[in-house]
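Please examine the structure shown below together with its sequence. The paragraphs that follow treat a sheet, the helix that lies on it, and an internal cavity.

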Amino acid sequence: MLTRLEIDGFKTFEDMVVELHPFTAVLGANAAGKSNLFDAIRLLSLLATRDVAEATKEMRGEPLELFRLTGAGRCKQIRMAAEVLVDPTVRDPWGSEVRLTHTRMRYEITLEWREVRPGIARIQVAHEAVLPILSKDDRWVRAIQPSRHFRKTHLKYLRTKPWLTTDEVPEGSKIFNIHQDGKQGRNRPASAAEATVLYSITSAEFPHLFALREEMRHWRLLQLDPALLRRPAPVTAAGVLDADGANLAAVLAELKAATATPERPSGVLAEIAADLNRLIPGVVRLDAALHDASREYRIELTMRDGLAFTSRVVSDGTLRVLALLTLLHDPRHRGLICFEEPENGVHPGRIQQLVHQLRDMATSPRDFEDLDAPMPLSQLLLNSHSPVVLSALLDAEHRPVDGTVLFADTAIIGDPQRSEQRRRTRLRPVDPGPQRTLLEDGRDRNPGLVSDLEVRKVLDTVLTEG
């Protein structure tokens with residue numbers, strides 16, 4: 001679970017810090033930087049599982065365009081830090097399972113654009129560190145106020161020394177030091193690193209670093225493609241939903257097989273169909289089965305009039321909602337999901353119910369119960385420009401309900417030393433509390449928070465959306 005993100009030098013971000021809850025929504029106009037936040041999270045995830053060149057090639061734009069551009073030129077460094085909560089037990093691909101003694105970690109990385117030879121430049125790792133977050137310093141836990149069972153199950157604080165540092169050596173160069181973690185530590189040169197140390201931790205030999213890598217590996221940007229959602233899925237498709245949704249039919253078929261009983265032959269698909277009907281009335285039955293001739297899984301929706309339709313002719317909005325509900329009902333789902341504009345294809349009158357269902361996808365530390373086999377941590381970060389979505393996220397006093405609401409916009413900052421002005425993305429939490437007072441000249445006393453007046457201005461545009 002990602003609890004805090006710091007970004008500097010990446011796209012439109014400069015010295016940006018944002019605190020994240022299990023359910024976080026980012027609201028803002030187009031070009032405010034909402035998608036750039038998702039890109040930063042995706043880059044961190046890719047750097048844990050790919051080398052730098054491969055990770056940056058999968059991002060939007062050219063690799064050099066990831067570095068912030070200002071009037072003074074392009075930044076040479078991207079600095080990011082992520083504070084996370086990892087699952088207390090980690091299992092590697094060979095079945096080794098280890099219980100962790102510390103679950104709150106801070107990961108730091110600096111990428112640098114370097115000219116390795118005249119006319120040839122590379123993006124390399126200049127700094128990498130993994131540090132323990134101590135109980136006394138854990139701001140997120142104090143803010144989230146988790147239940148006693150959540151503290152007992154997920155919050156471990158027995159480590160005081162770093163797992164990974166970047167250190168200078170007498171020769172003037174740097175090395176990455178992997179410190180002892182049940183095994184003897186090791187070090188690696190840091191002069192021209194084209195992959196992160198985390199990328200190289202592929203087993204539970206260093207259990208805490210491997211747990212961090214596994215956590216970041218499960219940070220996904222869900223970019224559902226209706227054209228792929230409506231296609232049949234091959235019998236070899238993965239059983240966990242792909243980022244583009246191309247294997248939706250296979251996931252549904254696997255869920256049906258795993259949950260079917262004589263009394264309920266469709267298993268959990270009956271519950272998915274019921275939830276889908278609440279958002280898109282008329283759907284009474286959902287099925288996913290293997291077509292013998294083509295050896296492909298196919299989706300079929302039966303409507304109230306008894307007519308059945310395959311996914312090939314179902315609307316884009318229906319398929320997007322179906323994919324989200326499939327994630328919601330899949331017990332194997334874990335990690336952070338970033339999802340853009342959940343309101344697409346959904347009637348405004350049913351967006352509030354959709355938001356409530358999406359909120360159920362996220363782990364709730366405050367309501368966490370004592371379970372024999374606790375579910376993996378699950379987190380949802382969505383963005384939207386819709387005031388209808390905003391209204392579904394707030395109570396009558398315009399306070400966020402069971403999560404965090406952030407406003408994304410751009411601000412101009414002046415730099416007298418460089419004699420320049422720079423535009424950067426801001427992410428401010430909605431907090432219309434008593435501290436929302438104005439100075440005599442009308443300026444906000446605390447510009448780092450979103451005022452009730454700003455919230456009302458956005459909500460007042462709801463009538464223009466329908």
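Which residue in β20 stands opposite glycine 335? In this predicted model, the partner of glycine 335 is serine 378. The two strands concerned are β19, covering residues 335–340, and β20, covering residues 378–384; they run parallel and are joined by six bridges.

Strands of a sheet pair through backbone hydrogen bonds, and the pairing may be parallel or antiparallel. Here the β19-β20 pair belongs to an open sheet of six strands, whose order is β14-β19-β20-β3-β21-β22. The pairing within this sheet is mixed. At its edges stand β14 (220–222) and β22 (420–429), each of which pairs on one side only. From one strand to the next, the twist averages 25°.

A helix accompanies this sheet. Helix α1, formed by residues 34–47, lies across β3 (23–28), β14, β19, β20, β21 (404–415) and β22. Relative to β20, helix α1 runs at about 150°.

The interior may be considered next. Rolling a probe the size of a water molecule over the atoms shows where empty space is left. A search of the whole structure yields one cavity of 30 Å³ or more, and the largest cavity has a volume of about 30 Å³. Its lining consists of Leu324, Leu325, Leu328, Leu354, Gln357, Leu358 and Met361. Two helices, α10 (316–329) and α11 (351–360), each contribute at least two residues to this lining. Classified by type, the lining comprises six nonpolar residues and one polar residue, with no charged residues.

Key. Residues are numbered from 1 along each chain as its sequence is written. This is a predicted model: local features need pLDDT of at least 70, side-chain atom pairs count only at pLDDT 80 or more; totals for chains, interfaces and linings use all residues. Side-chain values use heavy atoms; hydrogens and water are left out. Two strands pair if DSSP finds at least two bridges between them. Helices (H or I, at least four residues) and strands (E, at least two) are DSSP runs, numbered from the N terminus. Axes are lines fitted to C-alpha atoms, for helices over the stretch in contact, and angles run from 0 to 180 degrees between N-to-C directions. Contact means heavy atoms within 4.5 Å. On a 1 Å grid over the protein atoms alone, a cavity is a set of points where a 1.4 Å probe fits but cannot get out, and a pocket is an open set with protein on both sides within 12 Å along at least five of seven lines; lining residues have an atom within 4 Å of a point. Grid points are joined across faces, edges and corners, and a volume is the space filled by probe spheres set on the points. Ala, Val, Leu, Ile, Met, Phe, Trp, Tyr, Cys and Pro count as nonpolar, Asp, Glu, Lys and Arg as charged, and the others, Gly among them, as polar.
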